[in-house]
Amino acid sequence: FRLKRKGHKTCIMSKGTVVLAYSGGLDTSCILVWLKEQGYNVIAYLANIGQDEDFEAARKKAESLGAKKVFIEDLRSQFVEDFIWPAVQANAVYEDRYPLGTAVARPCIAHRQVEIARREGAQFVSHGATGKGNDQIRFELTCYALYPEVKIIAPWRIPEFYNRFRGRTDLMEYAQKHGIPVPVTPRAPWSMDANLMHISYESGILENPKSHAPADLYLMTKNPEDSPNEPDVLEIEFKNGVPVRVTNVKESTSKDTPLDIFSYLNEIGGKHGVGRIDIVENRFIGMKSRGIYETPGGTVLLKAHLDIETFTMDKEVRRIKQGLGIRFSELVYNGFWDSPECDFVRHCIAKSQENVEGKVQLSVFKGQVYILGRESSKSLYNEELVSMDVQGDYDPCDASGFIRINAVRLREHHRLQGFSGTKK
């Protein structure tokens with residue numbers, strides 16, 4: 001909007017204030033300048049959730065590009081305690097393989113973006129997610145849930161933007177024209193997203209699902225072939241289904257804060273090449289995509305938590321909880337972290353974890369996690385009851401009736417409809 005007054009220079013009337021989820025990369029730097037061109041006051045917001053980033057350089061860059069304010073928020077501890085830990089309690093895995101490293105990070109980022117927007121009186125929020133992916137949904141559903149009246153600017157869904165910037169070359173030309181610093185090193189031929197929980201790789205040369213991942217792609221984990229020839233033996237202590245201490249048995253060193261625990265498990269898992277997957281998954285928007293992920297600490301925790309949970313949880317409660325974990329994983333993947341149904345499922349899962357406590361010993365070695373043993377004061381394991389050497393409080397004769405009762409249905413099915421019956 002331009003307002004011209006006689007005898008005065010033309011001035012620009014702002015359309016309002018927008019909080020941009022800013023990464024410091026080429027895309028969001030161009031978006032920042034483009035939003036200013038459209039007449040918005042831009043607040044740049046960069047979340048530190050464990051990615052390898054020069055945050056001070058990103059701040060200076062955003063300021064030089066004309067950001068009205070720059071917020072750099074250290075969310076690492078919050079990310080672990082409020083988002084990763086509930087995923088650990090749920091044994092959250094999407095489509096049996098993906099531990100949701102990106103999906104759990106998006107609501108964490110968006111929560112703080114909304115807080116800043118409300119505090120700064122911003123009517124708009126913006127992001128650099130593409131129009132084909134899951135992240136646009138995750139960001140926006142979270143923003144709408146927590147700030148119902150907010151307006152969202154998604155440049156990669158605006159024809160004036162995506163018709164102008166059809167590829168990286170167009171972005172580079174725009175950057176050079178507007179004094180936006182461009183990368184001096186060649187860009188990897190794939191897209192990468194990193195946080196404390198994982199690194200994801202997709203797009204570019206990875207779009208052919210038959211193509212093998214290049215050996216130099218992985219940044220968080222060693223090739224298992226090149227990992228140490230001696231395992232690390234860890235003891236992980238759980239309470240309420242989340243780790244409260246990790247101890248390296250051989251080195252007698254421990255970590256006992258959430259951020260330190262998870263960071264250390266990343267270190268050990270990465271050292272031994274744990275947590276690599278290469279999958280084709282179903283995006284919420286309706287297409288399949290190929291993704292490669294590294295989730296070292298999360299994979300170690302998933303194995304350990306599954307073990308202590310089975311040791312301490314009633315069989316039928318766990319059966320129900322397994323279904324809730326699958327539902328939780330789908331909700332998180334699809335962007336519904338702040339939906340009433342996901343809130344309900346999280347509360348149910350948290351309730352199921354009240355007695356999930358104890359210690360698990362495991363070995364991390366050559367890309368694998370091997371469970372070695374476990375102990376818990378809340379264990380439902382009765383050594384005397386299960387022993388082959390001690391009868392305990394169990395009468396084997398009872399099994400005969402138990403088997404016959406369960407056989408009634410099978411016998412009738414096969415007598416009347418199955419192979420053992422001949423109907424004429």
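# A walk through a predicted model

Six bridges join strand E3 to strand E4, residues 40-48, and the two strands run parallel. That is my starting point today, and please keep in mind that we are looking at a predicted model. For anyone new to this, strands of a sheet pair through backbone hydrogen bonds, either parallel or antiparallel. If you want one pair to find on the screen, take Val 18, which stands opposite Val 42 in E4.

Now stay with E3 for a moment. How many of the six residues of strand E3 are buried? Six of the six residues, 16-21, are buried, so E3 is largely enclosed by the rest of the structure. You can check this one face at a time. Gly 16, Val 18 and Leu 20 are buried on one side, and Thr 17, Val 19 and Ala 21 are buried on the other, so both faces are covered.

A quick word on the record here. The UniProt annotation, from an unreviewed entry, places a domain called "Arginosuccinate synthase-like N-terminal" over residues 18-181. In our model that span is 51% helix and 15% strand, and its end C-alpha atoms lie 22 Å apart.

Let's turn to a helix, H5, which covers residues 135-146. Here is a nice little calculation to try yourselves. At 1.5 Å a residue, the twelve residues of H5 should span 16 Å. The end C-alpha atoms are 17 Å apart, which agrees.

Which residues of H5 are buried? They are Asp 135, Gln 136, Ile 137, Arg 138, Phe 139, Glu 140, Thr 142 and Cys 143. And what covers them? The cover includes helix H4, residues 101-120, and helix H10, residues 315-333. It also includes two strands, E6 at 124-126 and E7 at 151-153.

Let me pick out one residue of H5, Thr 142. Its relative accessibility is 1%, and buried means under 20%, so Thr 142 counts as buried. Leaving aside neighbours within four places in sequence, Thr 142 is in contact with Pro 107, Ala 110, His 111 and Asp 338.

Next, helix H3, residues 76-90, and its partner H9. Two packed helices are described by the angle between their axes and the distance between the axes. The axes of H3 and H9 come within 9 Å and cross at roughly 50°. That makes H3 oblique to H9. On the H3 side, look for Trp 85, Val 88 and Gln 89; these meet Leu 301, His 305 and Glu 309 in H9.

H3 also holds Ala 90, which counts as buried at 4% relative accessibility. I like Ala 90 as a lesson in folding up a chain. Ala 90 and Lys 321 are 231 residues apart in sequence, yet 7.9 Å apart in space, C-alpha to C-alpha. Not counting residues up to four places away in sequence, Ala 90 touches Lys 321, Gly 325, Phe 328 and Ile 349.

Now for a sheet. What is the order of the strands in this open sheet of five? The order is E12-E11-E10-E15-E16, with antiparallel pairing. The edge strands are E12, residues 253-255, and E16, residues 368-375, and each of these pairs on one side only. From one strand to the next, the twist averages 25°.

Zoom in on the E12 end. Strand E11, residues 242-248, pairs with E12 in the antiparallel sense over three bridges. As an example, Val 246 has Lys 255 in E12 as its bridge partner.

Helices lie across this sheet, too. Helix H8, residues 258-271, lies across E10, E11, E12 and E15, running at about 50° to E11. Our earlier friend H9, residues 296-312, lies across E10, E11, E15 and E16, at about 30° to E16.

I'll finish with two loop residues. Where is Ser 203? Ser 203 sits in the loop between strand E9, residues 199-202, and E10. Its phi is near 70°, a positive value in a residue other than glycine. With 32% relative accessibility, Ser 203 counts as partly exposed.

Then there is Asn 240, in the loop between E10 and E11. Asn 240 is not a glycine, although its phi is positive, at about 55°. Asn 240 is partly exposed as well, with a relative accessible area of 39%.

Thanks for listening, everyone!

Definitions and conventions. Residues numbered from 1 in each chain as written. Predicted model: local features only at pLDDT ≥ 70, side-chain atom pairs only at ≥ 80, totals over all residues. Heavy atoms only, no water. Helix = DSSP H or I, 4+ residues; strand = E, 2+ residues; numbered from the N terminus. Expected span 1.5 Å × (residues − 1). Buried < 20%, exposed > 50% of the residue type's maximum accessible area, 1.4 Å probe, protein only. Contact = heavy atoms within 4.5 Å. Pairing = 2+ DSSP bridges. Axes fitted to C-alpha atoms, helices over the stretch in contact; angles between N-to-C directions. UniProt positions renumbered as here; feature names shortened; annotations may be inferred. Parallel < 35°, antiparallel > 145°, perpendicular 65-115°, else oblique.
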